[in-house]
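Thanks, everyone. I'll put the model up and then go through it one part at a time.

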Amino acid sequence: MMDGCPSDNWLIPNLVLTGLLGLFVFLFVKLVLACRKQVQHVEKERARRASRNDQDLVSLQIELYGQKAMSRLQRTDSSTDSTSMNPNDFDAV
């Protein structure tokens, strides 16, 4: 046995742990990023719901797009964004 080296019965476990270290770091980073994305989504949805309750914004949207489009926006799922809507769906004012 050489000085400063681990004993022979620790060589295989050390090899396995160091080989999997990159995987553990990768999975940890992916977990952190997924949690951050979920928090951002919740905050964005909360802001979207708060803006729907703002009477000035609601009246402006009704003035711009009409009551039919406004009621459609309130019924749509929260995952729908304005980029997926058809511009022909809005009433002409």
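Before anything else, a cut-off: a residue counts as buried when its relative accessible area is under 20%, as exposed when over 50%, and as partly exposed in between. By that rule E45 is buried, because its relative accessibility is 10%. Keep E45 in mind, since I come back to it with its salt bridges. And to be clear, what you see is a predicted model.

The overall picture first. The protein chain has 3 helices and 0 strands, so from the N terminus the order of elements is simply α-α-α. There are 93 residues, and 6% of them count as buried. The accessible surface of the protein chain is about 8100 Å², with 61% of that belonging to carbon and sulfur atoms.

Now helix α1. It covers residues 11-52, which is 42 residues. From first C-alpha to last, α1 reaches 62 Å, close to the 62 Å expected at 1.5 Å a residue. There is nevertheless a kink in α1, about 35°, and its centre is at L21.

Next, the surface. Which residues form the nonpolar patch? They are L11, I12, L15, V16, L20, L23, F24, F26 and L27, and together they have about 870 Å² of accessible area. Take V16 as one of them: V16 sits in helix α1. With a relative accessible area of 44%, V16 falls between the two cut-offs and is therefore partly exposed.

That leaves the charged side chains. Side chains of opposite charge can pair when their charged atoms come close. The count here is 2 salt bridges, and E45 takes part in a network of them with R48 and R49.

One bridge joins E45 to R48, at 3.5 Å from N to O. Both residues lie in helix α1, 3 residues apart, about one turn of the helix. The other partner is R49, whose closest N and O atoms with E45 are 3.2 Å apart. E45 and R49 are 4 residues apart in α1, again about one helical turn. Why do such spacings suit a pair? An α-helix has 3.6 residues a turn, so residues three or four places apart point the same way.

How exposed is each member of the network? E45, as I said, is buried at 10%. R48 is partly exposed, with a relative accessible area of 22%. R49 counts as exposed, because its relative accessibility of 52% is over 50%.

That is the tour; I'll take questions.

Technical notes
Residues are numbered from 1 along each chain as its sequence is written. This is a predicted model: local features need pLDDT of at least 70, side-chain atom pairs count only at pLDDT 80 or more; totals for chains, interfaces and linings use all residues. Side-chain values use heavy atoms; hydrogens and water are left out. Helices (H or I, at least four residues) and strands (E, at least two) are DSSP runs, numbered from the N terminus. The expected span of a helix is 1.5 Å times one less than its number of residues. The bend at a residue is the angle between axes fitted to the seven residues ending there and the seven starting there. Buried means under 20% relative accessible area, exposed over 50%, partly exposed in between (1.4 Å probe, protein chains only). Accessible areas come from the Shrake-Rupley method with a 1.4 Å probe; for residues, only the protein chains shown count as cover. Patches are made of residues with over 30% relative accessible area and no salt bridge: like charges are joined within 9 Å, nonpolar side chains (Val, Leu, Ile, Met, Phe, Trp, Tyr) within 5 Å. A salt bridge is a side-chain nitrogen of Lys or Arg within 4 Å of a carboxyl oxygen of Asp or Glu.
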